[in-house]
Structures are given as structure tokens and as C-alpha cells.
Amino acid sequence: MQYYGPVNFLPLDIHAWIIASGHEVTVEGAMLEIVPQNPHVGAIISGVDVNTIGDKDFAEIYRAWLDHGVICVRGQDLDMPGFLAYCRHFGRVKPHLVKRTRDADYPDITVMGTNKRKPDGSLDKSVLTRGVGWHTDLPWDQEICKATQLYAVATPSRGGDTLFTSMYVAWDRLPAALKERVANLKAEFVYGGRKKPHDDFLTNEDRARPPALHPVMRTHEETGRTSLYVNPFHITRIAGLADNESDVLIEELSSHLVHDDAVYRHKWQTGDIVVWDNRCCLHSATGDYPPEEDRVHWRVTIMQ
Ligand SMILES: O=C(O)CCC(=O)C(=O)O
Ligand SMILES: [Fe+2]
């Protein structure tokens with residue numbers, strides 16, 4: 001059987017029948033299928049090869065990304081130049097502050113999950129737990145980091161998922177008094193925050209960087225929506241408050257960040273490209289995969 005038209009416009013029962021009957025579906029024209037994973041955050045996209053993507057398909061992907069905050073484009077076969085070319089559709093790429101995990105030939109790409117063993121053979125936990133804990137990427141940079149894009153090169157047999165949540169939801173559900181209190185406040189961020197996890201990824205010079213200051217309530221440059229911009233991982237203090245007051249407010253805000261019904265858990269498949277919007281989403285690696293198995297991603301940072 002051949003069906004000529006977009007798969008996602010098929011009535012559900014016909015679609016199910018085509019899949020169940022094992023008939024090949026030939027589709028001409030728009031082939032993108034966008035399947036939301038949660039009412040607030042996350043969508044999975046299939047039916048596109050990003051190596052040869054045209055403007056129309058990219059515009060649809062970009063729109064879906066703004067709408068869902070996080071999208072996964074499934075089943076991609078990329079080399080590093082191809083991945084970078086696709087990333088540049090989203091914006092300007094910037095090499096990550098952590099130099100020791102940059103790829104030697106393509107320093108705009110960070111390679112995550114390799115070199116898990118120290119010279120003495122013991123496990124380097126900082127590699128396994130990189131990204132564990134709710135955070136946005138690069139809030140410690142003065143420039144706003146628009147997006148992070150990960151390409152799955154190797155996926156473990158179990159564990160190693162990534163969690164995402166919406167900071168639009170966190171803002172919308174914040175008690176009115178708290179909204180009013182933080183509306184004009186700014187937060188200070190440094191790499192690793194107060195607890196300094198993963199500090200050993202940095203050079204001394206990087207450790208000495210001054211904190212970056214960003215508004216706690218932010219308006220998204222493209223969607224116009226309001227979100228909460230704090231994370232317990234990288235924040236050091238709320239500017240202008242006494243230490244104790246700042247700590248209490250950080251704790252209070254942190255307790256309002258994650259709502260279970262607004263969490264998307266991404267289960268990786270090799271060939272997935274996942275891109276998230278750091279302006280309105282938090283993410284956390286789960287880090288719970290067998291350490292003897294490979295979980296490798298190429299990672300690119302995209303600035304506003
Ligand atoms: O490995 C992951 O699941 C996410 C790691 C992370 O936080 C990042 O790449 O920014
Ligand atoms: Fe991250």
C-alpha cells in the first residue's frame with residue numbers, strides 16, 4: 001500500500017493499521033512528524049534527515065522547539081561537521097568553558113562521557129555525574145545561552161536518561177506574593193555554584209571568573225512568555241540581599257521549580273539529537289547508567 005501525504009494527518013485508526021500491518025508508508029511532501037511528550041515540555045520529531053534539511057522543515061523544527069522547549073530529532077546519522085552545520089541553524093555556537101572535554105579538531109564540540117577512568121584505573125565520578133542536578137546551561141556566563149544541543153553517539157542499555165522541566169510553568173505557578181517579591185531581583189551565578197561540583201573541570205583562571213548577574217524573572221526573547229530563571233546548581237546568591245535572606249529565598253524558589261506533571265524524561269536512543277531552550281527549561285542528567293557501558297554525546301552550546 002502506498003499513502004501519499006503527511007503521516008501525521010492520517011486518522012489515528014488508519015495510521016495504527018498501517019503500522020500494525022507492516023505496510024511500507026511512502027510519503028511525499030511534508031514528512032515531519034512532531035509528537036508532544038508532555039503538555040508543557042518535550043516533543044519527539046521524526047521523518048527528517050538534518051544533513052539535508054531545507055528551510056521549510058527547519059522552520060517547522062524551530063517552531064516546535066519554541067513551543068515545546070525541548071525537542072528530540074530521532075534517527076540521525078551525523079559526523080562532526082554535519083552536526084555543527086545543523087547547530088548553526090539555531091544560532092551562533094560557542095566553545096564550552098571547560099577546555100579538557102573539547103574535541104581536539106572541532107573545539108566547538110564538547111565530547112561528554114569519555115575518559116571515565118583516571119590514570120590509576122579508578123572511575124572518574126565527575127564524568128559520570130556531569131549534569132546531574134537541575135540547572136540551566138551557562139547562567140554563569142554574562143551572555144545568555146539560548147540552547148544546548150546533544151547528539152547521542154553511544155547509549156547504555158539502561159539508565160542515563162535526561163530530565164527536563166518548564167520554567168514557564170514554574171513562574172506561572174509561583175505564589176503571587178513570591179512573584180511580586182522577586183520580579184525586580186537579580187541572581188548571581190558561578191560555574192558549579194556554592195557547592196562547586198565539577199570544579200575540577202576548570203582551570204584556575206576559569207575559577208576566578210566573576211559571577212554573572214541575571215534577572216530572576218525573565219521574558220523570553222522569542223515567545224514573549226515569562227519564566228523563572230534560577231537554578232539551585234549554579235546560583236550563589238540573590239544580589240542586594242543579606243546572606244541569610246538570600247539563602248532562604250534561594251531555598252524557597254528552589255522548592256517551586258519542579259512540578260511532576262511538567263517533567264519530561266528523555267530516554268536516549270543512539271542517533272537522537274536533543275536541543276533544549278536554556279531560557280525557559282531546566283534539565284538534569286540522571287547519571288544512573290552502568291559505568292562499564294558507554295554513554296557518549298557530542299554537545300554544542302548555542303548563544304542568543
Ligand atoms: O548528559 C546529560 O544528560 C545532560 C548533561 C548536561 O547537563 C549538559 O550537557 O548540559
Ligand atoms: Fe547542562
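Two strands are taken to pair if DSSP finds at least two bridges between them. In this predicted model, strand S7, comprising residues 162–166, is joined to S15 by 5 bridges, and the two strands run antiparallel. Within this pairing, Thr165 of the protein chain stands opposite Leu282 in S15.

The pair belongs to an open sheet of 3 strands, arranged in the order S13-S7-S15 with antiparallel pairing. Strand S13 (263–266) and strand S15 (281–285) occupy the edges; each has a single partner strand, so one side of each is left without a neighbour in the sheet. From one strand to the next, the twist averages 20 degrees. In general, the strands of a sheet pair through backbone hydrogen bonds, in either a parallel or an antiparallel manner.

The protein chain as a whole contains 8 helices and 16 strands. Of its 304 residues, 32% count as buried. Among the contacts in the chain with a separation of 6 or more, 77% are accounted for by residues 24 or more positions apart.

Strand S14, formed by residues 273–277, is mostly covered, with 5 of its 5 residues buried. The residues of S14 point in two directions: Ile273, Val275 and Asp277 point one way, whereas Val274 and Trp276 point the other way, and all are buried. In a regular strand, side chains alternate between the two faces of the sheet. Two pairings of S14 were identified, with strand S3 and with S6. Strand S3 (residues 70–73) is joined to S14 by 4 bridges, and these strands run antiparallel; here Val274 in S14 is the bridge partner of Cys72. The pairing of S6 with S14 is likewise in the antiparallel sense and extends over 5 bridges. In this case the bridge partner of Tyr151 in S14 is Ile273.

Strand S6 (145–154) also contributes to the surroundings of ligand 1: S6, S15 and strand S16 (296–303) each supply at least two residues of the shell. The residues around the ligand are Met112, Arg130, Gly131, Asp137, Thr148, Leu150, Thr162, His283, Ala285, His297 and Arg299. By character, the shell around ligand 1 divides into 3 nonpolar, 5 polar and 3 charged residues. Strand S15 thus appears in two settings, as an edge strand of the open sheet and as a supplier of at least two residues to the shell around ligand 1.

Methods
Residues numbered from 1 in each chain as written. Chains lettered and ligands numbered in written order. Predicted model: local features only at pLDDT ≥ 70, side-chain atom pairs only at ≥ 80, totals over all residues. Axes fitted to C-alpha atoms, helices over the stretch in contact; angles between N-to-C directions. Near = placed C-beta within 6 Å. Nonpolar A, V, L, I, M, F, W, Y, C, P; charged D, E, K, R; others polar. Buried ≥ 20, exposed ≤ 12 C-beta atoms within 10 Å, placed from the backbone. Contact = placed C-beta atoms within 7 Å.
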